[in-house]
Amino acid sequence: MDPITIDITILAPVEKVWDYFNTPEHVTQWNFAHETWQCPHSENNLRVGGKFSYRMEANDGSFGFDFEGIYDEVIPNEKIKYHLEDGRNVEVIFDKIDGNTTKVTEIFDPEKQNSAEMQRDGWYAILNNFHKYVENN
């Protein structure tokens, strides 16, 4: 399957967007696709070869998983590339449009269990959550 690309424009400076995207105490506030889910734990060693781990689970504890990867490229306020435990690649681009506007683009290799449309919708829901969190805090 071809990589999937999603993007969103956020009314905030690129430095704030970068910080909120990568700082564990912020990640736990937005990293879920639906309000019935949560991200109770986040660790992030943001450097080439560093690892991140985000716990994602249903609020009622009925299901959960660890979303983990290792960084392949980190350019502060510009780009992150990482690979997941299953070998899929992800790239996140932070485009400074102007002093108070940032476009975030995510390009990711889909997994094989779910449809591309379902994956796009899920990743976009999380990105939209991020967008709302950044603009409201």
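Helix 3 of this predicted model contains 21 residues, which at 1.5 Å a residue should span 30 Å, and because its end C-alpha atoms are in fact 30 Å apart, the expected and the modelled lengths agree. The helix covers residues 116-136, and its buried residues are Gln-119, Trp-123, Ile-126, Leu-127, Asn-129, Phe-130, His-131, Tyr-133 and Val-134. In reading that list it helps to recall that an α-helix has 3.6 residues a turn, so residues three or four places apart point the same way.

Two residues of helix 3 can be followed in more detail. His-131, which lies in this helix, has a relative accessibility of 16% and therefore counts as buried, since the cut-off for that class is under 20%. Apart from its neighbours within four places in sequence, His-131 is in contact with Ile-8, Thr-9 and Ile-10. Gly-122 is also found in helix 3, but its relative accessibility is 24%, so that Gly-122 counts as partly exposed. The C-alpha atom of Gly-122 is 5.9 Å from that of Ala-33, although 89 residues separate the two in sequence.

Helix 3 also packs against helix 1, which is formed by residues 14-22, and here the axes are 10 Å apart and make an angle of about 120°. An angle of this value falls outside the ranges for roughly parallel (under 35 degrees), roughly perpendicular (65 to 115) and roughly antiparallel (over 145), and the two helices are therefore described as oblique to each other. The crossing of helix 1 with helix 3 is right-handed. On the side of helix 1 the contact is made by Lys-16, Val-17, Tyr-20 and Phe-21, which meet Phe-130, Tyr-133 and Val-134 of helix 3. Sorted by class, the residues of this contact are six nonpolar and one charged, with no polar residue.

Tyr-20, a residue of helix 1, deserves a separate look. With a relative accessibility of 13%, Tyr-20 counts as buried. When residues up to four places away in sequence are not counted, Tyr-20 touches Phe-130, Tyr-133, Val-134 and Asn-137, and it also touches His-26, Val-27 and Trp-30. The C-alpha atom of Tyr-20 is separated by 13 Å from that of Ile-126, a residue 106 places away along the chain.

Just before helix 3, the loop that connects it with strand 7 (101-108) holds Asn-114. The relative accessible area of Asn-114 is 32%, so this residue is partly exposed, and its contacts, not counting residues up to four places away in sequence, are with Met-1 and Gln-119. The second of these partners, Gln-119, is one of the buried residues of helix 3.

The strands offer two further places to inspect. Glu-91 is found in strand 6, which comprises residues 89-98, and with a relative accessible area of 19% this glutamate is buried, a value to be read against the cut-off of under 20%. Beyond its neighbours within four places in sequence, Glu-91 is in contact with Lys-79, Ile-80 and Lys-81, as well as with Thr-105, Glu-106 and Ile-107. Asn-77, in turn, is placed in the loop between strand 4 (64-75) and strand 5 (79-84). Its phi angle is near 65°, which is a positive value in a residue other than glycine, and with a relative accessible area of 26% Asn-77 is partly exposed.

Conventions
Residues numbered from 1 in each chain as written. Predicted model: local features only at pLDDT ≥ 70, side-chain atom pairs only at ≥ 80, totals over all residues. Heavy atoms only, no water. Axes fitted to C-alpha atoms, helices over the stretch in contact; angles between N-to-C directions. Helix = DSSP H or I, 4+ residues; strand = E, 2+ residues; numbered from the N terminus. Left-handed = near helix turned anticlockwise from the far one by under 90°. Contact = heavy atoms within 4.5 Å. Nonpolar A, V, L, I, M, F, W, Y, C, P; charged D, E, K, R; others polar. Buried < 20%, exposed > 50% of the residue type's maximum accessible area, 1.4 Å probe, protein only. Expected span 1.5 Å × (residues − 1).
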